[in-house]
Amino acid sequence: MRDIARLANVSMPTVSRVLNDSPLVTGETRARVLEVAQANGYAVNRNAKKLRQARTGTIAVMLDFASHRHGAIGDPFIFELLAGVSEALSIRNQELLLSPPGLDDARAFEDFHRARAADGFIILGQGTRDAMLRGLARRGVPMAVWGAVSKDAGYCAVGSDNLLGGRLAGEYFHTRGRTKWLFVGDIRHEELRLRYEGLCQEAARHPGVTVDYLPIVSMAFTATAETVASYLTGGARPDAVFAFSDTAAMAAIGAFRDRGLTAPQDYSLVGYNNIPPAGHFNPSITTIDQKTDVAGALLVEKLMQQIDGARARSTLLPTQMVIRET
């Protein structure tokens, strides 16, 4: 900066103002300084600049890789959320740091934040980490989580009403005269546990209805299809299926089809998320809509409130069913 100031015949503070887009510099001076800087190959060391400022301007966005092994991270829903968050951060001129490694517990998250590697965290999916996230919240680390909303969690979450989603699926099955319901998912995940609980609550309202639970060890498409196929090979014949996601619903449809069973003739099916392919699949999938179009902006807004020193409240998004062919 000292060299640029000398070559442009201005002071070092003026160079600093130009490089930080300060309105206190005239257009003529700004153009001269930028021309000299470009001619001499000068670029701001962004990491050094961050050390001089109160904030880094960087937000760490954490994907739940532990729950999405073997290719399941390719679920379009994850990328719908990520795209919304990325757009909202770019509007605020914030950098996005995607899932830095080594953050396996609350202490690691806290150390990462205290080292000023990021101003806060957006966590896309609680997975089985609810206890860790509660501990992280007690340490005062700014974060916003996409997932199940709980009054006693202690951290700010944005998500759909998963319990209601399960009840809506049950109501749908009942109106179609289905009595042997199957839930496909991993209820160690808080979101999925609430969906299963909602389904069971609705089943309890109707005598003669049973609910079976098929745990999914991996959320990958192929693993889900194989698990459902194995279940059917064992002789089970549910007449209604509530899948934890739309991609899981697609996998289930394939497994049923291999045994000559089609929806909606032989069974009813409800997915979750309302990803764009769900409406174009054959048959098109009845699903529970999650408002990904507003989720990203809300997560960023909630996090920035905390970074600014305010308290951010959790938000439960509108939850409704989209009825299609299945």
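User: Which backbone atom does the side chain of T326 reach, and at what distance?

Analyst: Happy to start there. In this predicted model, the side chain of T326 reaches the backbone nitrogen of T286 at 2.8 Å. The cut-off for a polar contact between N or O atoms is 3.5 Å, and 2.8 Å falls within it.

User: Why does T326 count as buried?

Analyst: Its relative accessibility is 1%. Buried means under 20%, so T326, at 1%, counts as buried. As for its place in the chain, T326 lies in the segment after β12 (320-322).

User: What is T326 in contact with, leaving aside its neighbours within four places in sequence?

Analyst: The partners of T326 are Y172, I253, A263, P264, Y267, S268, L269, P283, S284, I285 and T286. T286 is also the residue whose backbone nitrogen the T326 side chain reaches.

User: How do you know that A153 is buried, and where does A153 lie?

Analyst: A153 lies in the loop between β4 (143-146) and β5 (156-160). Its relative accessibility is 6%; with the limit for buried at under 20%, A153 therefore counts as buried. The C-alpha atom of A153 is 8.6 Å from that of A137, and the two residues are 16 apart along the chain.

User: On to the helices. What makes α8 oblique to α9?

Analyst: Helix α8 (residues 162-175) and helix α9 (residues 190-204) pack at about 40°, with axes 6 Å apart. Roughly parallel needs an angle under 35 degrees, and roughly perpendicular runs from 65 to 115. An angle of about 40° fits neither of these, so α8 is oblique to α9. The crossing of α8 past α9 is right-handed.

User: Which residues make that contact, and how do they divide by class?

Analyst: From α8 come N162, L163, G166, R167, A169, G170, E171 and F173, while α9 brings E191, L194, R195, E197, G198, L199, Q201 and E202. By class, the contact of α8 with α9 has 5 nonpolar, 5 polar and 6 charged residues.

User: Why is α2 called roughly perpendicular to α3?

Analyst: The angle between α2 (residues 12-19) and α3 (residues 27-39) is about 90°, and their axes are 10 Å apart. Roughly perpendicular covers 65 to 115 degrees, so about 90° earns α2 and α3 that name.

User: Which residues of α2 and α3 meet, and what are their classes?

Analyst: T14, V15, V18 and L19 of α2 meet T29, R30, V33 and L34 of α3. This contact of α2 with α3 has 5 nonpolar, 2 polar and 1 charged residues.

Definitions and conventions. Residues are numbered from 1 along each chain as its sequence is written. This is a predicted model: local features need pLDDT of at least 70, side-chain atom pairs count only at pLDDT 80 or more; totals for chains, interfaces and linings use all residues. Side-chain values use heavy atoms; hydrogens and water are left out. Helices (H or I, at least four residues) and strands (E, at least two) are DSSP runs, numbered from the N terminus. Buried means under 20% relative accessible area, exposed over 50%, partly exposed in between (1.4 Å probe, protein chains only). Axes are lines fitted to C-alpha atoms, for helices over the stretch in contact, and angles run from 0 to 180 degrees between N-to-C directions. Angles under 35 degrees count as roughly parallel, over 145 as roughly antiparallel, 65 to 115 as roughly perpendicular and the rest as oblique. A crossing is left-handed if the near helix is turned anticlockwise from the far one by less than a right angle, and right-handed if clockwise. Contact means heavy atoms within 4.5 Å. Ala, Val, Leu, Ile, Met, Phe, Trp, Tyr, Cys and Pro count as nonpolar, Asp, Glu, Lys and Arg as charged, and the others, Gly among them, as polar. A polar contact is a pair of N or O atoms within 3.5 Å; within protein, one must be able to donate a hydrogen and the other to accept it, and residues adjacent in sequence count only if both atoms are side-chain atoms.
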